[in-house]
Amino acid sequence: MALTAALLALVGPAHAAAQGRAPEFAPYAAARFTPDLAAWAKATGARQAILAFHNANGIDCTGQWPADEAALLDKVQAFRALGGAVIVSTGGWNADDLAGRCPDAQSLADAYQLALDRMGVTRLDVDVEAGDRHDNLDAAEVDLRSAALKRLQDAYRARGRRLQVSLTLAVSPERGLDPRPLYVLQSAKAAGVEIAVVNAMVMNFRDEPSTTTMGKRSIQALLKLRGQLE
């Protein structure tokens, strides 16, 4: 099982306290390996994981996991029996993103809804990145995604439920969010999306200073992001 640690950065400790919750830890679990989440939970005591990634099938507005869905669901149910909670994640680096395949906001919202319903969860992580084949930071695609998330949250509210959305975005120690990742937040805000968590990708900055001062530079990036969020 491959797990990549993810630091979930809220607007700040004061905001978290005001909302009655502590900052969270939820690592990414690579769905393609059909991870044994229950075994991991027993070994670590952790009870949250982000299952990544659910994306397009490469043809149309149909979502799929990179592994057998029934086998994944079995692992999720075993994890849930121990008190575990799964967050469904879509996107990722160079992803064949559903937002690039679905023709409109409603069909994209429906695709997200199907993935959430099948896993029985009400938390969606959206990892928005560019790549050498798929540029998922394209402004039109970003705006379509924001509109779909708004529709989806409204549909949950109409049923007396809440869909919690997190946005995973690349940051740098010098700038925090660059203009294109920052636009993901601006677009979501303009669309009326309620953002519960901003997940800063404090990892592998791919520069020489980070080889010896990764911890310091990660904190620097988080502080830059915090200022932007505030």
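**A friendly note on this predicted model**

1. Let us start with one residue. Pro209 has a relative accessibility of 36%, so it counts as partly exposed, a class that lies between under 20% for buried and over 50% for exposed. You will find Pro209 in the loop that runs between β10 (195–201) and α7 (214–229). Along the chain, Pro209 and Val184 are 25 residues apart, and their C-alpha atoms are separated by 28 Å. Please keep in mind while reading that this is a predicted model.

2. Now the overall picture. The protein chain has seven helices and 10 strands. Along the principal axes, its C-alpha atoms fill a box of roughly 45 × 45 × 40 Å. How does the radius of gyration of the protein chain agree with that of a compact globule? For 230 residues a compact globule would come near 17 Å, and the protein chain has 17 Å, so the two agree.

3. Contacts and surface come next. Among contacts in the protein chain with a separation of 6 or more, 72% are between residues 24 or more positions apart. Of the 230 residues, 47% count as buried. The accessible surface of the protein chain is about 10,800 Å², and carbon and sulfur atoms account for 54% of that area. As for charge, the chain has 25 positive and 26 negative charges, and the mean positions of these two sets lie 6 Å apart.

4. Which residues touch the most other members of the largest nonpolar core? They are Leu51 and Leu124, in a core of 53 residues. Helix α4 (residues 105–119) gives this core its largest share, seven residues. There is also a second, separate core of five residues, and Ala26, Tyr28, Ile50 and Ala52 are among them. As background, nonpolar side chains tend to be buried together in soluble globular proteins.

5. Leu124 deserves a closer look. Setting aside neighbours within four places in sequence, its contacts include Ile87 and Val88, along with Tyr112 and Leu116. Further along the chain, Leu124 is also in contact with Leu149, Leu152, Leu163 and Val165. The list has other kinds of residue too, including Thr90, Gln164 and Ser166.

6. Tyr156 is a good residue to find next. It lies in helix α5 (residues 139–158), and its relative accessibility is 0%, so it counts as buried. Not counting residues up to four places away in sequence, Tyr156 touches Gln113, Leu116, Asp117, Val121, Thr122, Arg161, Arg162 and Leu163. Leu116 and Leu163 also appear among the contacts of Leu124. The C-alpha atoms of Tyr156 and Thr34 are separated by 28 Å, with their positions 122 residues apart along the chain.

7. A few backbone details are worth checking by eye. Thr34 is not a glycine, yet its phi is positive, near 45 degrees. Thr34 sits in the loop between β3 (28–30) and α2 (37–44), and with 22% relative accessibility it counts as partly exposed. Asn94 likewise has a positive phi, about 60 degrees, without being a glycine. Its place is the loop between β7 (85–91) and α4. Is Asn94 buried or exposed? At 8% relative accessibility, Asn94 counts as buried.

8. One peptide bond also calls for attention. The bond joining Ala52 and Phe53 is cis, with omega about 0 degrees. Phe53 belongs to the loop between β4 (48–52) and β5 (55–56), while Ala52 is one of the residues in the second core.

9. Finally, look at helix α7, where Ser218 is found. With a relative accessible area of 11%, Ser218 is buried, because it falls under the 20% cut-off. Which residues is Ser218 in contact with, leaving aside neighbours within four places in sequence? They are Val202 and Phe205. Asn204 lies 14 residues from Ser218 in sequence, and their C-alpha atoms are 9.5 Å apart in space. Pro209, where this note began, is in the loop that comes between β10 and this helix.

Notes:
Residues are numbered from 1 along each chain as its sequence is written. This is a predicted model: local features need pLDDT of at least 70, side-chain atom pairs count only at pLDDT 80 or more; totals for chains, interfaces and linings use all residues. Side-chain values use heavy atoms; hydrogens and water are left out. Helices (H or I, at least four residues) and strands (E, at least two) are DSSP runs, numbered from the N terminus. The radius of gyration is taken over C-alpha atoms; the globule rule is 2.2 Å times the number of residues to the power 0.38. Buried means under 20% relative accessible area, exposed over 50%, partly exposed in between (1.4 Å probe, protein chains only). Contact means heavy atoms within 4.5 Å. Accessible areas come from the Shrake-Rupley method with a 1.4 Å probe; for residues, only the protein chains shown count as cover. Lys and Arg count as positive and Asp and Glu as negative; His and the chain ends are not counted. The place of a charge is taken as NZ of Lys, CZ of Arg, CG of Asp or CD of Glu. A nonpolar core is a set of buried Ala, Val, Leu, Ile, Met, Phe, Trp, Tyr and Cys residues joined through side-chain atoms within 4.5 Å.
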